[in-house]
Amino acid sequence: MTKTAIFVEGQTELIFVRELLLKVFEYQNISLECFTLFTDVNFHATEYAFPNEHADHYFQIINVGSDQSVLTRILKREPQMKNAGFERIIGLRDMYSGEYRNLVKNQKIDDKINQKFIEGHRSQIKSDNIFFSFAIMEIETWLLGLRKSFERMDNRLTPAFIHQHLGFDLNVDDPENIFFHPADNVEEIFKLVGQKYSKSKGDINALVSHIEKDDYLELLGSDKCQSFKEFYEYLQIPTT
């Protein structure tokens with residue numbers, strides 16, 4: 001059995017990653033557990049587990065509750081994870097943060113600052129078994145790239161309808177290049193049909209439940225959301 005641990009910054013990322021794994025694996029040959037690790041010692045099981053003792057692939061998703069804690073938790077727990085048989089440890093956090101917002105006063109994506117954050121994290125990693133991804137600018141960027149889920153959630157939310165009311169075209173635009181704070185843009189889309197998006201469990205589930213395997217594969221085959229493709233490659237999901 002392969003064993004992979006994925007440390008994420010929050011509940012939204014945990015739910016996204018869980019749905020991605022289960023749908024790409026088609027709920028077959030995968031076992032999955034979810035935990036919280038809000039301090040260095042408070043490691044607790046949480047909901048969303050999908051146990052399968054006969055699976056060849058085991059994933060553990062760990063919500064550390066803070067963007068700044070993802071890497072520090074990984075580095076502190078690496079020896080323990082290695083002893084437990086984990087071959088790969090992956091970190092995932094948003095590029096957008098309070099620190100980033102303070103550095104970029106004009107609220108525009110700055111590729112140089114992005115690279116500074118990426119290099120700053122990777123310079124601290126000394127193990128070949130640790131991989132770190134930034135969702136640029138947030139996990140909601142990838143949700144915007146998986147555009148068909150909006151229309152499945154509410155059939156009024158076509159790309160044309162969204163373009164007409166909000167001015168961006170999800171069929172054409174690369175969300176990674178244009179949205180500084182993508183959660184705000186997802187919230188704008190929800191509001192078009194009288195719904196709210198506040199990163200709550202219900203909000204994120206309302207959207208990811210409508211994402212299908214082919215949506216992920218379509219995004220991977222496009223020229224959009226390069227940070228999603230990098231994260232997906234780190235997962236090393238079998239192709240057969």
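**Exercise 1.** How many salt bridges does a search of the whole structure find? Work through the pairs around E19 and E26 too.

*Solution.* Before counting, note that this is a predicted model, in which local features need pLDDT of at least 70, side-chain atom pairs count only at pLDDT 80 or more, and totals for chains, interfaces and linings use all residues. Residues are numbered from 1 along each chain as its sequence is written, and side-chain values use heavy atoms, with hydrogens and water left out.

Step 1: Take the criterion, a side-chain nitrogen of Lys or Arg within 4 Å of a carboxyl oxygen of Asp or Glu. The search then gives 15 salt bridges.

Step 2: Look at E19, whose salt bridge with R18 has its closest N and O atoms 2.7 Å apart. Both E19 and R18 are buried (under 20% relative accessible area; exposed is over 50%, partly exposed in between, with a 1.4 Å probe and protein chains only). R18, E19 and K23 are linked in a network of salt bridges.

Step 3: Move on to E26, which meets K213 at 3.6 Å, N to O. Because E26 sits in the loop between α1 and β2 (30-37) and K213 in helix α11, this pair ties together parts 187 residues apart in sequence. Helices here are DSSP runs (H or I, at least four residues), as are strands (E, at least two), numbered from the N terminus.

**Exercise 2.** Compare the accessibility of the two partners R156 and D154.

*Solution.* Step 1: Their closest N and O atoms are 2.8 Å apart.

Step 2: R156 is partly exposed, at 44% relative accessibility, whereas D154 is buried, at 12%.
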